[in-house]
Number of protein chains: 2
Amino acid sequence: MGPHRFRNNQRMVPASEAAWQLAADNGMLDIRVDATNGQNRLRDVRTGHEFLNLSSCSYLGLNSHPTVVEAGIAALRDEQITGLAMAEFRIRLDAAHRLEDELSALFGTRVIPSISCGVISAAVLPLLASGHLTDSGPLVVVFDKLAHFSMNFVKPVVADEAMVLTSPHNDMRFLEEVCRTYPRVAYVCEGLYSTGGLADLEGIKALQEKYGMYVYLDDSHALSTQGPNGEGYARSVFRELDDRTMIVASTAKAFGSTGGIAMIGDSGAFDFLYRSGPMGWSQGLRTAAIGTTLGSIAVHRSLELTERQSQLAENVAIFDRRMKGYDVRGSGSHIKFVTVGDNERAVQLSNALYRRGYYCSAMFFPIVPRGRSGVRLMLRGDMTASMTENFVSVLEEVLDEQA
Amino acid sequence: MGPHRFRNNQRMVPASEAAWQLAADNGMLDIRVDATNGQNRLRDVRTGHEFLNLSSCSYLGLNSHPTVVEAGIAALRDEQITGLAMAEFRIRLDAAHRLEDELSALFGTRVIPSISCGVISAAVLPLLASGHLTDSGPLVVVFDKLAHFSMNFVKPVVADEAMVLTSPHNDMRFLEEVCRTYPRVAYVCEGLYSTGGLADLEGIKALQEKYGMYVYLDDSHALSTQGPNGEGYARSVFRELDDRTMIVASTAKAFGSTGGIAMIGDSGAFDFLYRSGPMGWSQGLRTAAIGTTLGSIAVHRSLELTERQSQLAENVAIFDRRMKGYDVRGSGSHIKFVTVGDNERAVQLSNALYRRGYYCSAMFFPIVPRGRSGVRLMLRGDMTASMTENFVSVLEEVLDEQA
């Protein structure tokens with residue numbers, strides 16, 4: 001038996017498996033689709049049932065943008081190799097280096113690409129904890145209670161290097177107390193949380209300015225969806241990155257490609273991180289992913305980015321206006337969570353929506369607290385306003401029927 | 001300060017950074033190349049220097065096989081989407097499902113694909129530790145001392161669920177003692193180790209049969225390079241996988257694609273693992289990677305697999321015959337380690353070889369023990385016999401010059 005300081009499979013697995021079984025029994029898992037018409041019309045290949053996918057993190061639909069897809073094809077065609085299959089900090093394709101430069105230019109700060117944002121967190125957080133990003137002794141690392149699994153997973157590893165604390169969600173008073181108590185503190189959080197809700201960026205920034213607190217922020221759900229170049233939510237406050245701030249994000253969500261990026265203000269950390277932990281010994285971004293990322297950069301530099309961002313904002317406004325009377329979390333955000341209570345009702349709602357042509361994910365403990373199960377849905381900028389209106393009408397009907 | 005039970009950045013980072021700085025100062029890091037002529041002739045884009053890459057894990061050269069590259073292009077062209085950007089156990093492309101079927105047929109057991117082998121280890125090991133793959137209480141998890149970073153990284157996470165031990169390398173007596181002492185034991189190891197040397201498969205199998213020991217084996221460096229269908233080294237002894245054995249491997253090395261696979265005998269574990277940990281909440285294999293993996297399966301089913309395997313074996317035999325008098329580890333294997341002693345000499349050797357047209361990686365603590373630095377080189381099945389002969393001649397000359 002382990003000490004179960006940070007996790008406990010014996011407690012978690014039976015609860016979540018029971019919920020997944022319920023979802024599977026209702027046909028809501030293991031759906032296999034054809035996506036050649038984009039995510040507004042996926043087709044279940046076994047039943048022929050067509051539906052609009054409201055469970056995709058590709059919030060702008062760039063994953064099916066022709067420029068992105070074609071750039072992946074072009075990269076494979078030009079390079080004629082899937083990747084070098086070696087440590088990228090030793091030798092890498094010139095295309096990989098070009099990608100770093102273009103990402104850095106787009107986001108106005110040094111950027112390291114990786115195969116996933118989770119790999120970045122696994123590489124960075126233990127080094128942050130031990131003081132190797134701050135040239136100091138170890139830091140006290142405070143994880144926000146709602147920080148994503150990919151960060152929470154690394155807690156026991158971080159705890160072997162430094163003290164780890166978990167703060168109540170967005171609790172600036174708790175955080176300030178920690179900053180007063182310990183000389184060196186890092187805060188690990190998200191920008192736009194994956195189950196809805198925003199970080200208190202101004203509060204975090206104030207603590208950074210007052211106490212020198214290091215901020216490690218995962219902005220995966222906001223990258224591309226906002227900012228003039230799609231730099232995300234966190235950069236709206238942390239405009240210039242310095243050596244006390246790192247913002248990481250998935251490039252497989254709204255960005256439309258594959259992998260993840262770390263935006264770092266401290267250029268000295270670039271080479272160091274490139275060869276550290278899983279970023280050193282695991283796979284780098286492969287040729288096709290380099291291509292689709294370059295393709296997405298081209299779209300980010302075009303007018304289309306703003307158009308899709310605006311359409312997304314309009315869809316969010318439509319949803320918020322019409323759904324005011326319901327128990328929905330995530331006002332102002334493209335990630336909405338409709339709380340219904342127990343697992344059965346969550347699956348019923350998800351299933352009823354699916355039969356009417358919309359896939360929304362039923363979500364259970366441990367993703368949300370026990371007894372707060374529901375349905376998560378994500379609006380997209382490649383949905384038209386009328387698609388959004390139609391969806392909301394169906395959602396209202398189904399919720400009213402099931403009330 | 002953390003307890004440093006399993007890791008200690010303060011001890012490791014300064015030592016390894018000093019060595020990397022030495023390598024960087026000698027121009028052996030951050031080399032940017034054009035690879036359009038495959039790995040036998042990479043070109044440094046800044047100097048024009050051409051060289052043969054002996055540091056790639058693409059041991060059969062399938063990463064630049066036209067069938068593999070074209071299949072990646074075809075997948076993007078056919079699917080017109082980079083990926084669904086959602087939890088794959090809910091909805092996935094039919095192409096992803098087809099890939100699972102084809103991998104399972106090729107390797108004769110259920111196969112789960114993932115974005116990397118490291119992600120698979122992160123997903124599986126904590127669940128193995130807590131008894132959720134064996135329907136039991138927690139297991140004592142024994143990591144071989146030389147198990148790869150990707151497994152070692154997860155030790156503190158595993159230790160939060162169960163007891164973790166580290167065994168001397170390939171020490172079957174130690175392992176048997178653990179099996180005698182504790183009722184449930186798992187052994188975590190590699191097949192062909194990344195710095196040369198083989199697992200004692202017969203010894204491991206004997207302990208499994210005698211004590212029911214669970215075996216988790218990473219065969220990344222042997223997949224594709226041996227076996228009639230390229231099923232690797234471990235499967236030569238663990239032919240039929242049962243519910244006490246899991247073999248995982250990277251598909252970005254000799255396999256020539258991107259990602260990793262888990263070969264599992266227990267079909268009941270398939271759905272469970274698909275939605276577990278980072279395999280559930282991180283990215284799945286994206287469209288281009290699905291394509292290149294399907295392309296590599298086609299090559300695996302052709303005569304070319306055996307041809308390249310045979311050429312690799314011939315190159316290994318040439319090397320072993322001619323290098324008998326030198327301090328080289330890895331006889332019989334395509335991974336060779338030439339020990340020279342201190343860091344400076346290792347970098348000098350690597351640098352001298354590079355000037356003569358061959359890139360071999362200098363390797364230091366913590367990858368190898370202190371004072372045992374040297375150069376790692378990997379032979380490939382897409383090198384001709386005469387390329388191998390020429391390389392060995394140069395290696396002999398340089399070693400003799402530097403002796």
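Welcome to this structure; a good place to start is A:Y359, which is buried at 0% relative accessibility. Please keep in mind that the model is predicted. Its scores are ipTM 0.97 and pTM 0.97, and chain A has an average pLDDT of 95, with 100% of the residues scoring at least 70. The points below go from aromatic rings to the nonpolar cores, and then to some single residues.

**A buried ring pair**

- A:Y359 has a partner in A:F51: the ring centres are 6.4 Å apart and the planes meet at 45°, so this pair counts as tilted.
- A:F51 is buried as well, because its relative accessible area is 2%, under the 20% cut-off.
- The two residues come from distant parts of the chain, 308 residues apart. A:F51 belongs to strand β3 (residues 50-53) of chain A, while A:Y359 belongs to strand β14 (residues 358-359) of chain A.

**Other aromatic features**

- Over all chains, the structure contains 18 aromatic pairs.
- One aromatic cluster is made up of A:W20, A:F364 and B:F89, with members taken from chain A and chain B.
- In chain B, the charged end of B:R110 is placed over the ring of B:F270, 3.9 Å from its centre.
- B:R92 is found over the face of B:Y274, and here the distance to the ring centre is 4.4 Å.

**Nonpolar cores**

- How many residues does the largest nonpolar core have? It has 278 residues.
- The residues with the most contacts inside this core are A:Y216, A:M246 and A:F391, together with B:Y216, B:M246 and B:F391.
- Take B:M246 as an example: setting aside neighbours within four places in sequence, its contacts include B:V124, B:L133, B:Y214, B:V215 and B:Y216. Also among the contacts of B:M246 are B:L217, B:A262, B:M263, B:I264 and B:L273.
- Apart from the largest core lies another core, of eight residues. Among them are A:V69, B:V69, B:L76 and B:A288.

**A span from the UniProt record**

- For chain A, an unreviewed UniProt entry lists residues 195-394 as "domain: Aminotransferase class I/classII large".
- In the model, this span of chain A is 40% helix and 18% strand. The C-alpha atoms at the ends of residues 195-394 are 22 Å apart.

**Positive phi angles outside glycine**

- A:H4 is not a glycine, yet its phi is positive, at about 50°. Look for A:H4 in the segment before α1 (9-25) of chain A.
- Is A:H4 buried or exposed? A:H4 is buried, because its relative accessible area of 18% is under 20%.
- B:S224 also has a positive phi, near 75°, and is a residue other than glycine. B:S224 sits in the loop between β9 (214-218) and β10 (245-250) of chain B.
- With a relative accessible area of 0%, B:S224 is buried.

**A partly exposed loop residue**

- Where is B:N37? You will find B:N37 in the loop between β1 (31-34) and β2 (42-44) of chain B.
- B:N37 has 48% relative accessibility, so B:N37 counts as partly exposed.
- From B:N37 to B:F174 the separation is 137 residues in sequence, and their C-alpha atoms are 48 Å apart in space.

Definitions and conventions. Residues numbered from 1 in each chain as written. Chains lettered and ligands numbered in written order. Predicted model: local features only at pLDDT ≥ 70, side-chain atom pairs only at ≥ 80, totals over all residues. Heavy atoms only, no water. Core = buried A, V, L, I, M, F, W, Y, C linked by side-chain atoms within 4.5 Å. Buried < 20%, exposed > 50% of the residue type's maximum accessible area, 1.4 Å probe, protein only. Contact = heavy atoms within 4.5 Å. UniProt positions renumbered as here; feature names shortened; annotations may be inferred. Helix = DSSP H or I, 4+ residues; strand = E, 2+ residues; numbered from the N terminus. Phe/Tyr/Trp six-rings, centres within 6.5 Å; stacked < 30°, edge-to-face > 60°. Lys NZ or Arg CZ within 6 Å of the ring centre and 35° of its normal. pLDDT = per-residue confidence, 0-100.
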